[in-house]
Amino acid sequence: MGSVLASSGEDDQSNAPKSGSKRDDDLKLPFHQRMACRLLTVGPTPTHIAFIMDGNRRYARKLGVERIVGHRRGYSTLLRVLKWCNHLNVKVVTVYAFALDNFKRSKREVDSLMELAVQKFTEMLDSEREISQFGVRVNIIGALKRLPPKLQHVMARVMKSTRGHNKLVLNIAFAYSANQEFSDAASMLANGVDQGLLKIEDVSANLVQKCLYTAGQPDPDLLIRTSGETRLSDFMIHQCRRGSTLLSFVEPLWPEFSFWQFWAIIFHYQTQHRSLDAERNRLKKMEGDAQQNYYIEGKEPKSDSKKKKEEPEVDSDEMKGERISNFLRKCQLGQELYVDRLAVNKCF
């Protein structure tokens, strides 16, 4: 993973000095790209960017090579993109690495992708010092139980070793489906009610959002999909809200995605930032009003005093908030313990 933010591929600089006691981000990009990034940082930049990295297989067909070559080139593009995001002070990057539906592909291709993933996540562990230097926290989101045990183990080790970092969060959606994400959130809430950690009236759209894989993170400000496709393909459909997330569909295949295409997208985002921000604030106000109305309606006195005595007492806002907070903390702790067990156990 350290290589993710280090120089690689076509952006390498042979004369760049090795990392020392003082970090120098500017040495990680060519001069013209550094200047272009600085120009963009004068204006508003996205906090969270999501990428649908589409086109690896078509790129391989275009070159007349095996599909796995296209996936390797796609990984190299990801390394470069993360460097660009790092220079723009992006706080969260989410990439669609492997969809749950991708298991329907040929066994040979799926096995090759699993082997490639094990290799790349192992490289992240080998570069732990550089990961710490850049403050990258890696978060794997998806149906991890569907993955080979060896891959689960190395993924868990990466997540555990980077848990304390907070400069940049890298969400890697692997064996991911937005429908599965929503289903897992619903199951989490149902278990909370069954175990007495929540009351049924605690459940709301806002609480569902807090149970998604990206809980605690801002929703994407910008989603970029390459290869000319104009659909989300079951990716982050609950986080990408209409009007508040800018959707950018571009023609190049993912391995061909260039710095200047990325720069143009960010510049376009800046031209739309004011309207996006206004819509975001409007949605927050609507959600706040809806939540407040829900609390008020739950506390309205009934006209019949006998019925009022028979009805259960409504919890205060403070009691309800504390109950929900305790539930969310327990869920987070449970997830961390699950990752820790996977990181220790070698069941392969």
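Helix H7, made of residues 149–161, lies across strand S3 and strand S4 (168–176). Against S3, helix H7 runs at about 145°. Keep in mind that what you're looking at is a predicted model.

So what does the sheet look like? Six strands build it, in the order S3-S4-S2-S1-S5-S6, and this sheet is open, with parallel pairing. Strand S3 (136–141) and strand S6 (246–249) stand at the edges. Each of these two has a single partner strand, so one side of each has no neighbour in the sheet. Neighbouring strands of the sheet are turned by 15° against each other on average, if you ignore direction.

Let's zoom in on one pair of strands. How many bridges join strand S1 to strand S5? There are four, between S1 (residues 48–52) and S5 (residues 222–225), and the two strands run parallel. For a spot to find on screen, try Ala-50, which stands opposite Leu-223 in S5.

Now for the aromatic rings. A search of the whole structure turns up 16 aromatic pairs. Two of them share Phe-262, and they are set side by side here:

| Ring pair | Distance of centres | Angle of planes | Kind of pair |
|---|---|---|---|
| Trp-84 and Phe-262 | 5.5 Å | 35° | tilted |
| Phe-257 and Phe-262 | 6.4 Å | 85° | edge-to-face |

Why does the pair of Trp-84 and Phe-262 count as tilted? Planes under 30 degrees apart would be stacked and those over 60 edge-to-face, with the rest called tilted. The planes of Trp-84 and Phe-262 are at 35°, so this pair is tilted. The planes of Phe-257 and Phe-262 are at 85°, so that pair is edge-to-face.

The tilted pair also links distant parts of the chain: Trp-84 sits in helix H4 (residues 67–87) and Phe-262 in helix H10 (residues 259–299), 178 residues apart. Trp-84 and Phe-262 are both buried, and Phe-257 is buried too. These three rings belong to one aromatic cluster, whose members also include Phe-51, Trp-254 and Trp-260.

Phe-262 has other company as well. Leaving aside neighbours within four places in sequence, Phe-262 is in contact with Ile-49, Phe-51, Trp-84, Cys-85, Leu-88, Ile-224 and Phe-257.

That brings us to the nonpolar cores. The largest one has 65 residues, and Phe-262 is among those with the most contacts inside it, along with Phe-51, Phe-121, Leu-151, Phe-174 and Phe-257. Which helix gives the most to this core? That's helix H5 (residues 107–126), with nine residues. Another core lies apart from this one and has 13 residues, among them Tyr-96, Ile-141, Tyr-176 and Leu-223.

Back to helix H4, the home of Trp-84. At 1.5 Å a residue, its 21 residues should span 30 Å, and the end C-alpha atoms are 31 Å apart, which agrees. Helix H4 is mostly covered, with 16 of its 21 residues buried. After the helix comes Asn-89, whose phi is positive, near 65°.

Two more residues have a positive phi without being glycine. Ala-175 has a phi near 55° and lies in strand S4. Met-236 has a phi of about 50° and lies in the loop between S5 and S6. Are they buried or exposed? Buried means under 20% relative accessible area. Ala-175 has 1%, so this residue is buried. Met-236 is also at 1% and therefore counts as buried.

Definitions and conventions:
Residues numbered from 1 in each chain as written. Predicted model: local features only at pLDDT ≥ 70, side-chain atom pairs only at ≥ 80, totals over all residues. Heavy atoms only, no water. Phe/Tyr/Trp six-rings, centres within 6.5 Å; stacked < 30°, edge-to-face > 60°. Buried < 20%, exposed > 50% of the residue type's maximum accessible area, 1.4 Å probe, protein only. Pairing = 2+ DSSP bridges. Axes fitted to C-alpha atoms, helices over the stretch in contact; angles between N-to-C directions. Contact = heavy atoms within 4.5 Å. Expected span 1.5 Å × (residues − 1). Core = buried A, V, L, I, M, F, W, Y, C linked by side-chain atoms within 4.5 Å.
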